[in-house]
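This walk-through goes from the chain as a whole to single helices, salt bridges and surface features. Please keep the model open while reading.

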Amino acid sequence: ALRMPPLPPLPLALHRAFSLLNRLDSPRQLLQAHAFLLPRGGHRNARLLSALLLASLRLPLRPHALALLRRTHPSVSLNAAARIPHLRGTLGPQLHCIVVRAGLASDAHVSASLIQAYFSCACVASARSVFDETVHKDIFCWNVTISGYAKSGNLDRARELFDAMPQRNVVSWTTLIGAYAQMKRPAEAVEVFRRMQVEEGIEPDGIAMLSVLSACGDLGAVDLGEWVHRFVVKRGLCWHIPLMNAIIDMYLKCGCVAKAVEVFEGMGQKSIVTWTTLIAGFALHGLGLEAVDMFRRMERENVAPNDITFLAILSVCSHIGLTDLGRWYFQIMVSQYRIKPRVEHYGCMVDLLGRAGCLMEAQDLVKDMPFKANAAIWGALLAAARTHGDAELGEQALLHLVELEPHNSGNYILLSNIYAEQERWDEVSKLRKAMRDGGLRNVPGASSIEVDGVVHEFTSRDGSHPCLHKIRKLLCEITGDMKSIGYVAVLPEAPHDIEEG
């Protein structure tokens, strides 16, 4: 297949002309610009030729566009044009027409670039037509189409094409693994990763490892995650900071906090993402004081926190009840680090104040923030109302949540429990009826764990697991051991289940 040569740097003398090309508003100006560029070597620069082509399409000046397309590699023009938002509506068909007239439609690499252009315009059917009509498809053409389907959210079509490929390379496998991981289908990501190794013996690249580590974290598949870690060490890739960050994140999500800390301490260089990942991981496991200590250590080492770091530390303060410290962090985020709070930061503060019982302060914060409250913020207020038995606040929060999350049954259940605790049974009945009328049912919680390379999923009220009897027996033994050493569970009053009405 015809491969695109690297683009030479644009001479400084031509930068001004290049910046003016997208402002031309008549064919005459375009021809004048082209005449200006010719004696200055502009016709030898692919970026300028592509910009001229885009201007020809925009004005439009089709004959001129056809002539320009013959002067430069078509994939340069196609890929550049696909990035122009205001051209996307009609871009694909125009470029397709020009490619055909230029006699380049049979070139596999040009077809791949045209497929990319169609996908960027959200013309999925047209992209597939170009793919189907390409007689001699190279592997790049297959990969581009699979990637286009994956980015458009159609993973089933992407998988169909992947399975039909006559041959695959590491990009083919990585594209599919990454798509599954990004779309939160970790089981399929792990399955494809294992197939890549077993069936074709392809060594994973950095992108594949990043994707499968994310999937391992989501699944709790620590055995495979440890294999990837060993592979990274064996290949001498410990200098690759994003990869090491992904390993730390995987260990934390799998519950292996000590291993995550070991990897962290062994890193010669760390990014702000490294610090933030560990702080957030400590928060995930209820290790609030360790998270605060790590934040303070980060500051001592002159590493400036970013907005994500502050999200993590505010969440920590909320979960371990450090209300004053949370207020202070929220304050210095703005005053010392000049970070503008996002709605997520306000959400953390509302949760922090709500848990502490500072309901009026939380409501004032919501009123004063510079943007509209989202579902997370109203959800935090509803949860605080549930904790502190404030039915009025709960009703106010639910009114907003019904608009923002009409299909979330959990919001109704929280308010129902507030009413039930106050023995307001008429209100409970009204909520039950509202749920029935809206076709809402409570979605059962689920968790998963990996044992001997197999991921087991457990769903609330699901008794289908073959080892359920053994699991229950072991749980009873653990409960007995806890009681024998004086542990007494402190439980809230039983929630009033309104799932079935």
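**From the whole chain to its details**

Of the chain's 501 residues, 45% count as buried, where buried means under 20% relative accessible area, exposed over 50%, and partly exposed in between (1.4 Å probe, protein chains only). The model is predicted, so local features need pLDDT of at least 70 and side-chain atom pairs count only at pLDDT 80 or more, whereas totals for chains, interfaces and linings use all residues. Residues are numbered from 1 along each chain as its sequence is written, and side-chain values use heavy atoms, with hydrogens and water left out.

The secondary structure comprises 27 helices and 2 strands; helices (H or I, at least four residues) and strands (E, at least two) are DSSP runs, numbered from the N terminus. Among contacts in the chain with a separation of 6 or more, 61% involve residues 24 or more positions apart, a contact being heavy atoms within 4.5 Å. About 26,300 Å² of the chain is exposed, and carbon and sulfur atoms supply 56% of that area. Accessible areas come from the Shrake-Rupley method with a 1.4 Å probe, and for residues only the protein chains shown count as cover.

Helix α10 (residues 155–164) shows how burial is distributed around one helix. Its buried residues are Leu 155, Ala 158, Arg 159, Leu 161 and Phe 162. They lie on the same side of α10 because they cover an arc of only 165° around the axis, the arc being that of the directions from the helix axis to the C-beta atoms. An α-helix has 3.6 residues a turn, so residues three or four places apart point the same way. The buried residues of α10 pack against α8 (124–133), α9 (139–151), α11 (170–182) and α12 (186–200). On the other side of α10, Asp 156 and Glu 160 are exposed.

Next come the charged pairs. Side chains of opposite charge can pair when their charged atoms come close. The structure holds 19 salt bridges, a salt bridge being a side-chain nitrogen of Lys or Arg within 4 Å of a carboxyl oxygen of Asp or Glu. One of them joins Glu 226 to Lys 259, with the closest N and O atoms 1.9 Å apart. Since Glu 226 lies in helix α14 and Lys 259 in helix α16 (residues 257–266), this pair ties together parts that are 33 residues apart in sequence. Glu 226 is buried, at 17% relative accessible area, whereas Lys 259 is partly exposed, at 33%.

Another salt bridge is formed by Arg 342 and Asp 307, whose closest N and O atoms are 2.9 Å apart. This pair links distant parts of the chain, 35 residues apart: Arg 342 is in the loop between α20 (323–335) and α21 (343–355), and Asp 307 is in helix α19 (residues 307–320). Arg 342 is partly exposed, with a relative accessible area of 28%, and Asp 307 is partly exposed, with 22%.

What separates the partners in the salt bridge between Arg 327 and Asp 324? Both are in helix α20, 3 residues apart, so about one helical turn separates them. Their side chains meet at 2.7 Å, N to O. Arg 327 is partly exposed at 27% relative accessible area, while Asp 324 is exposed at 59%. Elsewhere, salt bridges that share partners join Arg 159, Asp 163, Glu 191 and Arg 195 into one network.

Two loop residues are also worth locating. Gly 220 is in the loop between α13 (206–219) and α14 (222–234), and is buried, with a relative accessible area of 18%. Gly 220 and Met 250 are 30 residues apart in sequence, with a C-alpha to C-alpha distance of 8.1 Å. Arg 424 is in the loop between α25 (409–421) and α26 (425–437), and is partly exposed, with a relative accessible area of 28%. Leaving aside neighbours within four places in sequence, Arg 424 contacts Ala 391, Glu 395 and Tyr 419.

On the surface, Leu 474, Leu 475, Ile 478, Met 482, Ile 485 and Tyr 487 make a nonpolar patch of about 610 Å². Patches are made of residues with over 30% relative accessible area and no salt bridge; like charges are joined within 9 Å, and nonpolar side chains (Val, Leu, Ile, Met, Phe, Trp, Tyr) within 5 Å. Leu 474 is in helix α27 (residues 468–484) and is partly exposed, at 47% relative accessibility.
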